[in-house]
Amino acid sequence: MINKVNNFEQNTLYKNLKKSVKPLDKFIQSQENLSHTRFIQDTVTNWVPKALFARSVADFGDMSFLEFLESGIFYFAPPLIGEHLLRKKLLPAVIPDKTIKNPALTDSLSSILKNKELQKGGLDKRIIAAKTALVVGCLCVPVAEYMLSFAKNLFTLKVFKKSNFDNIANLDKTNKEDAEQQKKVEQNAKKNLKKGALLSLGGLWASVLIARYGHKSDTAQKLFKTILEPADLVTKLFPKIKNSKFDKFLHEYTKLDFDSKDGKLALSKGQLALTAISGLFGYSAAAKDRGTLDFLEVWTRVPLVVFYTIFGSSLFDYGFKKYLIKNNKYPDLLQKTSAGDIHIPSRKELPEIAQRIAKNKNLNAQDVMNKLVKQKAIITGIPYAFSLLFMGFTLAGITRLWTQYRYNQQVKKKRNETPQSFIKPSFTAFYNNKNGIN
């Protein structure tokens, strides 16, 4: 009964937040889910600034098609395909319920290997095979990200009848299109999309085979462990880095296994990194078909965007939190752990903290709750705003100015090369005509 009362009181604290504080609470909620957080951040920091800097209707449509589909692929496709298609639909047909429905399926590889109960009857091997099947089945996600740029080229060609980047970006005011280039863009886009579809289907078939037979081979099991946690192999090769900050970084950003959220499969940072890097090379390959300036613009902007997508605002975020701790700001929320990390309570923990502070200091719990929500919003929001301003508006503006500069330089170079080719012969013809010389 006591827990029920406490839960009721905690819910009441959220319901009775001031009207001015409730939007801050909504923002905090959005930040505590990697998929939703990154989808919102990526869309805001990439789409909104580029929409404002759009150089033509075709440029706006071209960019919008890519950004929204890309964000969906990045942040929602892995858990949707892994959780709903593979875990609930496809794999149950080939493996026992005790494997696919086992809670350990969402545990980390290290936890499974330490679980002696799972070792009975080789259940641990079945679960490791099933986990690998989920990862391999989601190969279609980075493949789709690579192919998306070719789909964008095809979309822009069919809808706006343009394949030349100079025309799409409204650099060339004549808007003349080359039929041969359009044909090349269409053919290359369709060819790559077909390859992507076949590769994705291959991943799904491999997923089924791994789930069905992967537990029978010790060699396969070793390979599966490397697929799920590539950093473990690096640690074995270089044992000195074990338990270091670099080791922790590797495990966090090379892990291809899913994270777990409330027993469900969730996007991991390693999966995000693989998809982002795949997208970079897809951007580059598709840009070549549309002209040199598109290719150069991709390599000016996208590597920085990929870096931001993978690491988010973590660098500035960590530095900002260190500054707050050093200056003793928000001590009720910011705490440094023995490992040197900075811990911030989740949204769910705020009511309990508010009640404890109110009891210890004889304050009103609702007032304390309002204050904590404001503080957490500041801690989260300032790094977010920094990323928006720098990675969004600044990068979008500079990229477009730089592309315009490159185009102007190309035009200038062509003009400087023309006197020898047509100005001199034209003058000679004028002189001969005037003097009656045939």
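## Worked exercises on a predicted model

Of the 438 residues in the protein chain, 46% count as buried. Keep in mind that this is a predicted model. The chain has 21 helices and four strands. Among its contacts with a separation of 6 or more, 70% join residues 24 or more positions apart.

### Exercise 1: How far to trust it

Work out which stretches have pLDDT under 50 or below 50, and how many contacts they make.

**Solution.** Start with the whole chain: the mean pLDDT is 86, and 89% of the residues reach 70 or more. Next, go to residues 1-5, where pLDDT stays under 50 and the model has zero contacts beyond four places in sequence. Then look at residues 421-431, also below 50 in pLDDT, with four contacts beyond near neighbours in sequence. Last step: where pLDDT is low, don't read the predicted coordinates in detail.

### Exercise 2: H4 against H5

Find how helix H4 and helix H5 are oriented to each other, and which residues make the contact.

**Solution.** First, place the helices: H4 covers residues 57-75 and H5 covers residues 77-90. Their axes are 4 Å apart, at an angle of about 50°. Angles from 35 up to 65 degrees fall in the oblique class, so H4 is oblique to H5. Now list the contact: H4 brings Gly72, Ile73, Phe74 and Tyr75, while H5 brings Ala77, Pro78 and Pro79. Sorted by class, that gives six nonpolar residues, one polar and no charged ones.

### Exercise 3: H2 against H20

Do the same for helix H2 and helix H20, and add the handedness of the crossing.

**Solution.** H2 spans residues 22-31 and H20 spans residues 365-417. The two pack at an angle of about 60°, with their axes 9 Å apart. They are therefore oblique to each other. As for handedness, H2 and H20 cross in a left-handed way. On the H2 side, the contact uses Leu24, Asp25, Phe27, Ile28 and Gln31. On the H20 side you'll find Val373, Lys374, Lys376, Ala377, Thr380, Gly381 and Tyr384. By class, this contact of H2 with H20 splits into six nonpolar, three polar and three charged residues.

### Exercise 4: Three residues, buried or exposed?

Classify Gln29, Leu80 and Ser207, then say what lies around each in the model.

**Solution.** The cut-off for buried is under 20% relative accessible area, and exposed means over 50%.

- **Gln29.** This residue sits in helix H2. Its relative accessible area is 36%, so Gln29 is partly exposed. Now check along the chain: Arg347 is 318 residues away from Gln29, yet their C-alpha atoms are separated by 7.1 Å.
- **Leu80.** You'll find Leu80 in helix H5. With a relative accessible area of 49%, Leu80 is partly exposed. Cys138 is 58 residues from Leu80 in sequence and 9.6 Å away in space, C-alpha to C-alpha.
- **Ser207.** Look in helix H12, residues 179-213, for Ser207. The relative accessibility is 0%, so Ser207 counts as buried. Leaving out residues up to four places away in sequence, Ser207 touches Leu86, Leu91, Ala133, Leu134, Val136 and Gly137.

Terms used:
Residues are numbered from 1 along each chain as its sequence is written. This is a predicted model: local features need pLDDT of at least 70, side-chain atom pairs count only at pLDDT 80 or more; totals for chains, interfaces and linings use all residues. Side-chain values use heavy atoms; hydrogens and water are left out. pLDDT is the predictor's confidence in each residue, from 0 to 100. Contact means heavy atoms within 4.5 Å. Axes are lines fitted to C-alpha atoms, for helices over the stretch in contact, and angles run from 0 to 180 degrees between N-to-C directions. Angles under 35 degrees count as roughly parallel, over 145 as roughly antiparallel, 65 to 115 as roughly perpendicular and the rest as oblique. Ala, Val, Leu, Ile, Met, Phe, Trp, Tyr, Cys and Pro count as nonpolar, Asp, Glu, Lys and Arg as charged, and the others, Gly among them, as polar. A crossing is left-handed if the near helix is turned anticlockwise from the far one by less than a right angle, and right-handed if clockwise. Buried means under 20% relative accessible area, exposed over 50%, partly exposed in between (1.4 Å probe, protein chains only).
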